[in-house]
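Colleague: Before I rely on the terms used for this chain, I would like to go through them one at a time. Please set each value beside the criterion it has to meet.

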Amino acid sequence: MPSKTEKLLSLLNGQPVIPVLKISDVADAVPLARALARGGLPAIEITLRTADALEAIRRVAGEVEEAIVGAGTILDIRQFEEAASAGSRFIVSPGVTRELLAAAADSDVPLLPGAITPGEIMAAREAGLRFLKFFPAEQSGGIASLKAFASPLADVKFCPTGGITGKNAADYLSLPNVVCVGGSWVAPDDLVKAGKWDEIEALARAASKLAK
């Protein structure tokens, strides 16, 4: 197994759900990361969909020792480098491009790129990646597609993201080629805005106990 894949798997190992977070207020980043870690979900993905995302990553990386912070929605080399410089331990992209594969090849920070077609999966595999994000999961055939990939692409593992909820996460996790799932249900916007960290911790604890 390629070393970059091993590094990524070691970061996320044993965590069935990776929280996918959109930080609207940077002040929420540290208490949110702490609540999720207390609940058993230390590895988190902060998406670059808001103006405060990079600062949120910096704060979590610098202040929450127990957290493993990654950056999501990375679209190009510039964002990859900015996220890595901010302290991201792993990088997540919605798709796979030659530019991003090249950036990942030159970086110690592992990439989890999105791939949904056999061609995209094979391109990432040729670059040495064996652990990929399956996104958007529910809109791209979901469990049926992943089952179909299991035999012809037997050495590739996935983290399905997109449309995953507390109701269908266990079904995805039961698949042999699924390592973990990404989801935002463990940190709902209303609970984050209200600062209800205990409730988020409880959601994280329930998610951390999902069978794999």
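Modeller: I would begin with the charges, since the mean positions of the 22 positive and 25 negative charges of the protein chain lie 4 Å apart. Please keep in mind throughout that this is a predicted model.

Colleague: How many helices and strands does the protein chain have, and why is it called as compact as a globular protein of that length?

Modeller: The protein chain has ten helices and eight strands. Its radius of gyration is 16 Å, while the globule rule gives 17 Å for 212 residues; the two values are close, so the chain is as compact as a globular protein of that length. Along the principal axes, the C-alpha atoms fill a box of roughly 45 × 35 × 25 Å.

Colleague: What share of the residues is buried, and what share of the accessible surface belongs to carbon and sulfur atoms?

Modeller: Of the 212 residues in the protein chain, 51% are buried, a term that requires a relative accessible area under 20%. The accessible surface comes to about 9,400 Å², and 50% of this belongs to carbon and sulfur atoms. As for contacts between residues at least 6 apart in sequence, 59% of them join residues at least 24 apart.

Colleague: Why is strand E1 described as largely enclosed by the rest of the structure?

Modeller: Strand E1 covers residues 17-21, and five of its five residues are buried, so the strand is largely enclosed by the rest of the structure. In a regular strand the side chains alternate between the two faces of the sheet. In E1, Val17, Pro19 and Leu21 are buried on one side, and Ile18 and Val20 are buried on the other, so both faces are covered.

Colleague: How do you know that E1 pairs with strands E8 and E2?

Modeller: Pairing calls for at least two bridges between the strands. E1 and strand E8, residues 181-183, have three bridges in the parallel sense, with Ile18 opposite Gly182 in E8. E1 and strand E2, residues 43-47, run parallel and are joined by two bridges, with Val20 opposite Glu45 in E2. Both pairs therefore satisfy the criterion.

Colleague: Thr47 lies in E2; what makes this residue count as buried?

Modeller: The relative accessibility of Thr47 is 2%, and the limit for a buried residue is under 20%, so Thr47 counts as buried. Leaving aside neighbours within four places in sequence, Thr47 is in contact with Val20, Leu21, Lys22, Ala53, Gly72 and Thr73.

Colleague: What is notable about the phi of Thr73, and why does Thr73 count as buried?

Modeller: Thr73, in the loop between strand E3 (68-72) and helix H4 (77-85), has a positive phi of about 60° although it is not a glycine. Most residues other than glycine have a negative phi, and most peptide bonds are trans. With 16% relative accessibility, Thr73 counts as buried. A further departure concerns the peptide bond from Phe135 to Pro136, which is cis, with omega near -10°; Pro136 is found in the loop between strand E6 (131-134) and helix H7.

Colleague: How do you know that both faces of E6 are covered, and what is the sense of its pairing with E7?

Modeller: Phe131 and Lys133 are buried on one side of E6, as are Leu132 and Phe134 on the other. E6 and E7 pair in the parallel sense over four bridges, and Phe131 stands opposite Lys157 in E7.

Colleague: Why are Pro152, Arg58 and Asn168 given the terms they carry?

Modeller: Pro152, in the loop between H7 (142-149) and E7 (157-160), has a relative accessible area of 62%; exposed means over 50%, so Pro152 is exposed. Arg58, in helix H3, residues 53-63, has 43%; this falls between the limits of 20% and 50%, so Arg58 is partly exposed. Asn168, in the loop between E7 and helix H8 (169-173), has 14% and is buried. Not counting residues up to four places away in sequence, Asn168 touches Glu138 and Gly163.

How values were computed:
Residues are numbered from 1 along each chain as its sequence is written. This is a predicted model: local features need pLDDT of at least 70, side-chain atom pairs count only at pLDDT 80 or more; totals for chains, interfaces and linings use all residues. Side-chain values use heavy atoms; hydrogens and water are left out. The radius of gyration is taken over C-alpha atoms; the globule rule is 2.2 Å times the number of residues to the power 0.38. Buried means under 20% relative accessible area, exposed over 50%, partly exposed in between (1.4 Å probe, protein chains only). Contact means heavy atoms within 4.5 Å. Accessible areas come from the Shrake-Rupley method with a 1.4 Å probe; for residues, only the protein chains shown count as cover. Lys and Arg count as positive and Asp and Glu as negative; His and the chain ends are not counted. The place of a charge is taken as NZ of Lys, CZ of Arg, CG of Asp or CD of Glu.
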